[in-house]
Amino acid sequence: MSTSFEANFDGLVGPTHHYGGHSFGNVASTSNANKAANPREAAKQGLAKMKALADLGYKQGVFVPQERPAIGLLRDLGFTGDDASVLAAVAKASPGLLANVSSASSMWTANAATVSPSADTADGRVHFTAANLQNKFHRAIEYAQTTRSLKAMFNHDAVFAHHDALPMQAVFGDEGAANHTRFCHDYGQSGVEFFVYGRQHWGGSAEPQKFPARQTREAGEAIARLHGLSADKLVFAQQNPAVIDAGVFHNDVISVGNQNVLFAHETAFLQQAAVYAELDAKLGGGLQVIEVPLAQVSVADAVKSYLFNSQLLARADGRQNLVVPDECRATPAVWEYLQGLLASNGPIAELMVFDLKQSMQNGGGPACLRLRVALQEKELAAVNPHIWMNDVLFAKLNTWVDRHYRDRLTEADLADPKLIVEVRTALDELTQILHLGSVYPCQLA
């Protein structure tokens, strides 16, 4: 019986979930701007996915949302008075600012941090580096809370090491695990850490021309040093600039890997064949590549369906389950490809399709919603036990959502002073349900 696992910690969608279109370069985000959102439905869709995977025996945890609107930040920007006065003033002076500081984007915990398991690190601890997300204002304000939340979840210094976010500069642009994959033959054994970057600040040349490259090579190299990773188990690859310009803002929109399987589009990387060869060599052989041909699935269809923003989940028989959003079924070329993939009897054994429409319309699919953490059995015991999904927690959180979440939210609603009271009441109760202690600004004031 295995003594090592990959756990997934899914972001619980926050009560201020709305469609603000804040993420330039993310086609789904910008194309759905100003639509009415349903925070209650969004949270329940995420919880249903967590519960389904937990019921299958996967280690599934909950990652908490952030306190929004970020009133403290608005005060730092010169808005004064009580909370209601601050909201009224910013809504009048800069509605776009209010929408940004109210974003529920922390739900996409693939961007929360980069994680290296103990089998890879020099000191034998699990290392976390919170992502600075400096490319987008609404996300760059997340890292301090992310670090507090991670420390409340993984609170054992002998087992877990937490690093501050990298410097808030473009040269160290870091978007977390959305551009990081780990390959291994067993979760408990030393693996190959794969860092994908959109540009190289010093010495690079090829860059996208339309949309920003959010991740730099320099950021990945810094994280590798902080985590004490071995050079002979590191691979750096540049994302194809052309696919970034087509809306592939993170690597996890064009490829996904797990254990010794890499599922990638034909156009994902520069020098793609060399990338495969280096991964296989540093893994010690046995890399299984499933490359999706451009002739079968266009980049536009890959982005539209989020085919690669999927989860590969290990099975006891050595094969993988593929978790995809319902949009894959609604995209004919993608669905036809997936049926052929299943019929090929290759590494992917089963498709699991989830309705994640509320998240998808804001530009995030199954892979965006989860942070992956490989853990030894002894390390599992050091994780806060109250954050693991099970029947009791699922019922509690659904009841909590019903009690505190609205079923309709627009940008205009963000100025409602009642909303921030609702949010703070909900989050205070959530920290009690999950035994996290005081982690939010409203609790620390």
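**Exercise 1. Find the polar contact between His250 and Glu175, then place His250 in its surroundings.**

Solution. Start with the pair itself: the side chains of His250 and Glu175 are joined by a polar contact of 2.8 Å. A polar contact here is a pair of N or O atoms within 3.5 Å; within protein, one must be able to donate a hydrogen and the other to accept it, and residues adjacent in sequence count only if both atoms are side-chain atoms.

Before going on, a word on the model: it is predicted, so local features need pLDDT of at least 70 and side-chain atom pairs count only at pLDDT 80 or more, while totals for chains, interfaces and linings use all residues. Residues are numbered from 1 along each chain as its sequence is written, and side-chain values use heavy atoms, with hydrogens and water left out.

Next, locate His250: it sits in the loop between helix H9 (241–245) and strand E9 (255–258). Helices (H or I, at least four residues) and strands (E, at least two) are DSSP runs, numbered from the N terminus. With 2% relative accessibility, His250 is buried; buried means under 20% relative accessible area, exposed over 50%, and partly exposed in between (1.4 Å probe, protein chains only).

Last, list the company. Neighbours within four places in sequence aside, His250 is in contact with Asn111, Glu175, Ala178, Asn179, Arg214 and Gln239. Contact means heavy atoms within 4.5 Å.

**Exercise 2. Which residues does UniProt give as "active site", and where does Cys368 lie?**

Solution. The unreviewed UniProt entry puts this feature at Glu175, His250 and Cys368. These three span 194 residues in sequence, yet no two of their C-alpha atoms are more than 11.2 Å apart, so they gather at one spot. Keep in mind that UniProt positions are given in the numbering used here, feature names are shortened, and annotations may be inferred rather than shown by experiment.

Now Cys368: look in the loop between helix H13 (357–360) and strand E15 (370–376). Cys368 is buried, at 3% relative accessibility. Not counting residues up to four places away in sequence, Cys368 touches Met107, Trp108, Thr109, Ala110, Asp252, Asn309 and Gly363.

**Exercise 3. How many salt bridges does a search of the whole structure find? Work through some of them.**

Solution. The search finds 19. A salt bridge is a side-chain nitrogen of Lys or Arg within 4 Å of a carboxyl oxygen of Asp or Glu.

- Lys282 pairs with Glu278 at 3.0 Å, N to O. Both lie in helix H10 (residues 272–283), four residues apart, about one turn of the helix. Lys282 is partly exposed at 22%, and so is Glu278 at 31%.
- Arg315 meets Asp317 at 2.9 Å, N to O. Arg315 is partly exposed at 27%.
- Arg406 bridges to Asp416, with the closest N and O atoms 2.8 Å apart. Both are in the loop between helix H15 (391–404) and helix H16 (417–433), so the pair ties together parts that are 10 residues apart in sequence. Arg406 is buried at 18%, whereas Asp416 is partly exposed at 23%.

To finish, salt bridges that share partners link Glu67, Arg75, Asp83 and Arg424 into one network.

**Exercise 4. What happens at the start of helix H2, and just after it?**

Solution. At the start of H2, a side-chain oxygen of Asn38 comes within 3.2 Å of the backbone nitrogen of Arg40. Just after H2, Gly57 takes a positive phi of about 100°.
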